[in-house]
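Visitor: I would like to go through this model and ask how its labels are justified.
Guide: Then let us look at it together.

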Amino acid sequence: MVESSGNKKLKTVVFISGKGSNLCNLIKFSKKKISPISIDLIISNNQKCKGLRYAKAFKIKKKIFDFKKRILAEKKILKVLKKEKIKLICLAGFMKILSQNFIKNFNGKILNIHPSLLPKYKGLDTHNRVLKNKEKYTGCTVHYVTPKLDSGKIILQKKIKVNLSDTPQVLAKKVMIYEHKIYPEAILKIFNR
Ligand code: GRF
């Protein structure tokens, strides 16, 4: 099979802090002919995070930035994104909040995926909170990023049934299956594919 070269695709960076399963999923999606994006860069705040192995595995450039100095880190990132002609940022388990200044100055779209039915359960530890509140449904959401945490316009959402026997780990696994479905779907949606 001939994979598309990525030349005509929108240059995209994925920001990660952890496992990187959404990153891996987006990379695989980006190689399909139907994908409007190519993944050209991976950025992390955590040089030890597991997800960075996908940079080597898929031969994608990676860069690590120290968010203890956020203003400086964001300034450097904006420079890199400009140089690399990146037009789309996909946050995928990125555990830092981007500043208003960064969002305003990036010349493109910024998306995030969150494991809940936003606007419910913003922030961390969603599955635990969903179970404690005995919710019948949970889900996952792809949304635009604004300076307010998990609050930008919703692009796509999937509702998932919670079973009485679900533990946070079981729920996380169940939700992740749909995260991997809706992130590519949301990208197709915003590019009218
Ligand atoms: C996902 O559940 C995502 O929705 C949330 O962080 C988790 C990242 O998982 N923002 P992974 O690193 O993509 O495996």
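**The ligand and its pocket**

Guide: In this predicted model, three elements each supply at least two residues of the shell around the ligand: α1 (21-30), β5 (109-114) and α6 (168-190).

Visitor: What makes a residue part of the surroundings of the ligand, and which residues are they?
Guide: A heavy atom of the residue has to lie within 4 Å of the ligand. The residues that surround the ligand are Lys19, Gly20, Ser21, Asn22, Gly93, Ile113, His114, Pro115, Met176 and Glu179. By class, the shell holds three nonpolar, five polar and two charged residues.

Visitor: Why is the approach of Ser21 to the ligand called a polar contact?
Guide: The cut-off for a pair of N or O atoms is 3.5 Å. An N or O atom in the Ser21 side chain is 2.6 Å from an oxygen atom of the ligand, so the pair counts as a polar contact.

Visitor: What are the distances for the backbone atoms of Asn22 and Ile113?
Guide: For Asn22, a backbone N or O atom is 2.9 Å from a ligand oxygen atom. For Ile113, a backbone N or O atom is 3.0 Å from a ligand nitrogen atom. Both values are within 3.5 Å, so these pairs are polar contacts too.

Visitor: How much of the ligand does the protein bury?
Guide: The ligand exposes 370 Å² when taken alone, and the protein buries 83% of that.

Visitor: How do you know where the ligand sits?
Guide: The test is that more than half of its atoms lie within 2 Å of the grid points of a pocket. The ligand sits in the largest pocket, so it passes that test there.

Visitor: What is the volume of the largest pocket, and which residues are closest to its centre?
Guide: Its volume is about 950 Å³. Among the 37 lining residues, Gly93, Met95, Ile113, Pro115 and Leu124 are the closest to the centre. Two or more lining residues come from each of α1, β5, α5 (126-132) and α6. With five residues, α6 gives the most to this lining. The lining divides into 16 nonpolar, 14 polar and seven charged residues.

Visitor: Where is the cis peptide bond, and what is its omega?
Guide: The cis bond joins Leu118 and Pro119, with omega about 10 degrees. Pro119 belongs to the loop between β5 and α5.

Conventions
Residues are numbered from 1 along each chain as its sequence is written. This is a predicted model: local features need pLDDT of at least 70, side-chain atom pairs count only at pLDDT 80 or more; totals for chains, interfaces and linings use all residues. Side-chain values use heavy atoms; hydrogens and water are left out. A polar contact is a pair of N or O atoms within 3.5 Å; within protein, one must be able to donate a hydrogen and the other to accept it, and residues adjacent in sequence count only if both atoms are side-chain atoms. Accessible areas come from the Shrake-Rupley method with a 1.4 Å probe; for residues, only the protein chains shown count as cover. On a 1 Å grid over the protein atoms alone, a cavity is a set of points where a 1.4 Å probe fits but cannot get out, and a pocket is an open set with protein on both sides within 12 Å along at least five of seven lines; lining residues have an atom within 4 Å of a point. Helices (H or I, at least four residues) and strands (E, at least two) are DSSP runs, numbered from the N terminus. Ala, Val, Leu, Ile, Met, Phe, Trp, Tyr, Cys and Pro count as nonpolar, Asp, Glu, Lys and Arg as charged, and the others, Gly among them, as polar. Grid points are joined across faces, edges and corners, and a volume is the space filled by probe spheres set on the points.
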